[in-house]
Amino acid sequence: RRLETEDYPSALFAVKSILDKIGLSYATIDFVREKESHGDLDIIVERHPDISASDITSFLENEGFKVSQNSNSIVSFLLLTFQVDLILIDPESVDYAKNYFSWNDLGNLIGRISKQVGLKHGHDGLYYMLRGDDRVLKEYKLTTDYTKVLEILELDVDQFQKGFNTYIEMFEWVSTSPYFNPDKFLLENLNNRNRVRDRKRVIYNLFLKWLNTKEFSPPRIVSNKDQFVFNLFPGLEEDCKVVRDRAEMLKLLRAKIDVNFIIELTGLTGKDLGGFLTSFKNKYDEQYILNSTIEELRLTIKTFYEGYSNL
């Protein structure tokens, strides 16, 4: 069942008492003050080196609670008939997670704007995803300082820290970012996963209705998102270049080593093929492979296999 806001403090006190008994540190999240009831109670729990999610689950079950564990990150249980979600977060990201989950759907809305400038607003920090050939080459965790993302998006930090009395107040605040583009929030412009999820969210639908009543100035467009992020975080561009160069070299190596030729020559597949390739690369370094012609490599592979098959 849903919990009335007037009953929320007593439920929160009960959960805090349980966490104190387990020996866990935690942080509560804020919600828009006009909110009348709650579908669940989310609380940020700082990961403990000696207390795992499974340990928490076992403790709660021994106390008689009905428990559900989602991987090593979320433990949910029923407090009478009300759902409580314990969200496990690494110590350095607790403050970021508290702010991300606060104010109902605000973290989601800020995440959509962050994407427009080349950033990923995660629940545990601000990220940059280095991409190449339609895949992520490396994920960079840029900061766990929540005010940083607000400053980048030119949102009023003081107002965020004061909080929001109404949803409309929150919507108006988030729309003050010069990067705010209302089209990016429309359900038809979301990928299938986000569209299915957000269509069910009451506050998100309220936000969409609010969008229809407003007119906005054209958003500020970031044409080169990578460079935008590099300018914000010195040293990132240089590291990304190293990663890109390495990815390009590996791509050339894969092109040079004809796996189909090796399969046809050796008859190896699966783990046996993987073991052969590993042994070959251990003997012949990357520079040798890059400097060799295809014909030279094939001869080297034949010769190496003759010795390898006799091991």
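In what order do the 3 strands of the open sheet lie, and is their pairing parallel or antiparallel? In this predicted model, the order is 8-9-10 and the pairing is antiparallel. Strand 8, residues 120–122, and strand 10, residues 135–143, stand at the edges of the sheet; each has a single partner strand, so one side of each is left without a neighbour in the sheet. From one strand to the next, the twist averages 35 degrees.

Strand 8 is joined to strand 9, which covers residues 125–132, by 3 bridges. In one bridge, His121 has Leu126 of strand 9 as its partner. The sheet is also met by a helix: helix 11, residues 236–256, lies across strand 9 and strand 10. The direction of helix 11 is at about 165 degrees to that of strand 10.

Two helix pairs were examined next. Helix 7 (residues 167–174) packs against helix 9 (residues 202–211) at an angle of about 65 degrees, and their axes are 11 Å apart. The crossing of these two helices is right-handed. On the helix 7 side, the contact is made by Tyr167, Ile168, Phe171 and Glu172, which meet Ile203, Leu206, Phe207 and Trp210 of helix 9. Sorted by class, this contact has 7 nonpolar residues, 1 charged residue and no polar residues.

Helix 12 (residues 259–266) and helix 15 (residues 294–309) form the other pair, with an angle of about 35 degrees and axes 11 Å apart. Helix 12 also passes helix 15 in a right-handed crossing. Here Phe261, Ile262, Leu265 and Thr266 of helix 12 meet Arg298, Ile301, Lys302 and Tyr305 of helix 15. The classes in this contact are 5 nonpolar, 1 polar and 2 charged residues.

Aromatic side chains were then considered. A pair of aromatic rings is described by how far apart the centres are and by the angle of the planes. In total, the model has 28 aromatic pairs. One of them is formed by Phe207 and Trp210, whose rings are stacked, with 6.0 Å from centre to centre and 25 degrees between the planes. These two residues are 3 apart in helix 9, so about one helical turn separates them. Both Phe207 and Trp210 are buried. Ring pairs link these two residues with Phe171, Phe180, Phe185, Tyr204 and Phe216 into a cluster. Of the cluster members, Phe171 lies in helix 7 and is among the residues in the contact with helix 9.

Technical notes. Residues numbered from 1 in each chain as written. Predicted model: local features only at pLDDT ≥ 70, side-chain atom pairs only at ≥ 80, totals over all residues. Heavy atoms only, no water. Pairing = 2+ DSSP bridges. Helix = DSSP H or I, 4+ residues; strand = E, 2+ residues; numbered from the N terminus. Axes fitted to C-alpha atoms, helices over the stretch in contact; angles between N-to-C directions. Contact = heavy atoms within 4.5 Å. Left-handed = near helix turned anticlockwise from the far one by under 90°. Nonpolar A, V, L, I, M, F, W, Y, C, P; charged D, E, K, R; others polar. Phe/Tyr/Trp six-rings, centres within 6.5 Å; stacked < 30°, edge-to-face > 60°. Buried < 20%, exposed > 50% of the residue type's maximum accessible area, 1.4 Å probe, protein only.
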